[in-house]
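Visitor: I have a new model open and would like to talk through the terms used to describe it. Could you walk me through them?

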Amino acid sequence: MARWETVLDEIVRTRRRALVGYAYLLTGNATEAEDLVQDALFRTFRRGRSATDFQLAESYVRRSILTAYLDDTRRRKRWDGVRHLLDPRPEVHEPTPTEVRLDIVEALGALSPRERACVVLRYFSDLPVRDVAAQLGIGEGTVKRYLSDANTKLAARLGPVRAADDDLTVTNQRGAR
């Protein structure tokens, strides 16, 4: 068995549940989360040669999950903008239940994809703001803005949210606080 196959087997046996949980927090849908994880595993291990270290391979899989989620969200948004041009039938919306138990997944569903990604990376993956910014390829100030907006939306649904200290620290370009 090749080294990459051993790493893949170990990730699936020991980290699959955590990876699906991570994807579920992003998507809010168990089936989509499973699909995201499968796609991420495929993308990470399809060539095999770069995925020979367990921790590095898991970080590749997590990054692939996040990238696929954000790409799919963009694709859906574009499709929603033109779908009505191809299908003249009006959309039928299911009625919402009158009493719905409010939980974290529902509250996360109210966030934009970028806000949701920032919240998941910051609070679920417990990454500092600078690492969230690096993961998403955006500035720290932008991450803080997304987290601030997300915390406001989450607080409206779940009650007050305590922000981590580094979420509130603003740095200028010279590094002074």
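Guide: Happily; we will go from the overall fold to the core and then to the pockets, and please keep in mind that this is a predicted model.

Visitor: What makes the pattern of this protein a run of α alone?

Guide: The secondary structure comes to eight helices and zero strands. Read along the sequence, that gives α-α-α-α-α-α-α-α.

Visitor: How many of the residues are called buried, as a share of the protein?

Guide: Buried residues are 31% of the 177 in the protein. The word applies to a residue with under 20% relative accessible area. As for the accessible surface, it comes to about 11800 Å², with 51% belonging to carbon and sulfur atoms.

Visitor: Why is the largest nonpolar core called a core?

Guide: Its members must be buried, belong to a set of nonpolar residue types, and be joined through side-chain atoms within 4.5 Å. Here 39 residues make up the largest such core, and Ile-11, Leu-26, Phe-45, Ile-65, Leu-66 and Leu-136 touch the most other members. At least two residues of this core come from each of α1, α2, α3, α4, α5, α6 (129-136) and α7.

Visitor: What does Ile-11 touch, leaving aside residues up to four places away in sequence?

Guide: Ile-11 touches Arg-16, Leu-19, Leu-41, Phe-45, Phe-54, Ala-57 and Glu-58. Each of these counts because contact means heavy atoms within 4.5 Å.

Visitor: Why is the largest pocket called a pocket and not a cavity?

Guide: In a cavity the probe fits but cannot get out, whereas a pocket is an open set, so the name tells you that this space is open. The largest pocket has a volume of about 360 Å³. Of its 19 lining residues, Glu-32, Tyr-69, Asp-72, Thr-73 and Arg-76 are the closest to the centre. α3 gives the most to this lining, with eight residues.

Visitor: What makes up the lining of the largest pocket, by class?

Guide: It divides into six nonpolar, three polar and 10 charged residues. Glu-32, Asp-72 and Arg-76 are among those closest to the centre, and they count as charged because Asp, Glu, Lys and Arg form that class.

Visitor: And how do you know what class of residue lines the second largest pocket?

Guide: Its lining has 10 nonpolar, no polar and no charged residues. Ile-104, Leu-108, Val-119, Tyr-123 and Leu-154 lie nearest the centre. Tyr-123 fits too, because Tyr counts as nonpolar. This pocket has a volume of about 190 Å³, and α5 gives the most to its lining, with four residues.

Methods
Residues numbered from 1 in each chain as written. Predicted model: local features only at pLDDT ≥ 70, side-chain atom pairs only at ≥ 80, totals over all residues. Heavy atoms only, no water. 1 Å grid on protein atoms, 1.4 Å probe; cavity = no way out; pocket = protein on both sides within 12 Å on 5 of 7 lines; lining within 4 Å. Points joined across faces, edges and corners; volume = space filled by probe spheres on them. Buried < 20%, exposed > 50% of the residue type's maximum accessible area, 1.4 Å probe, protein only. Areas by Shrake-Rupley, 256 points an atom, 1.4 Å probe, with all protein chains shown as cover.
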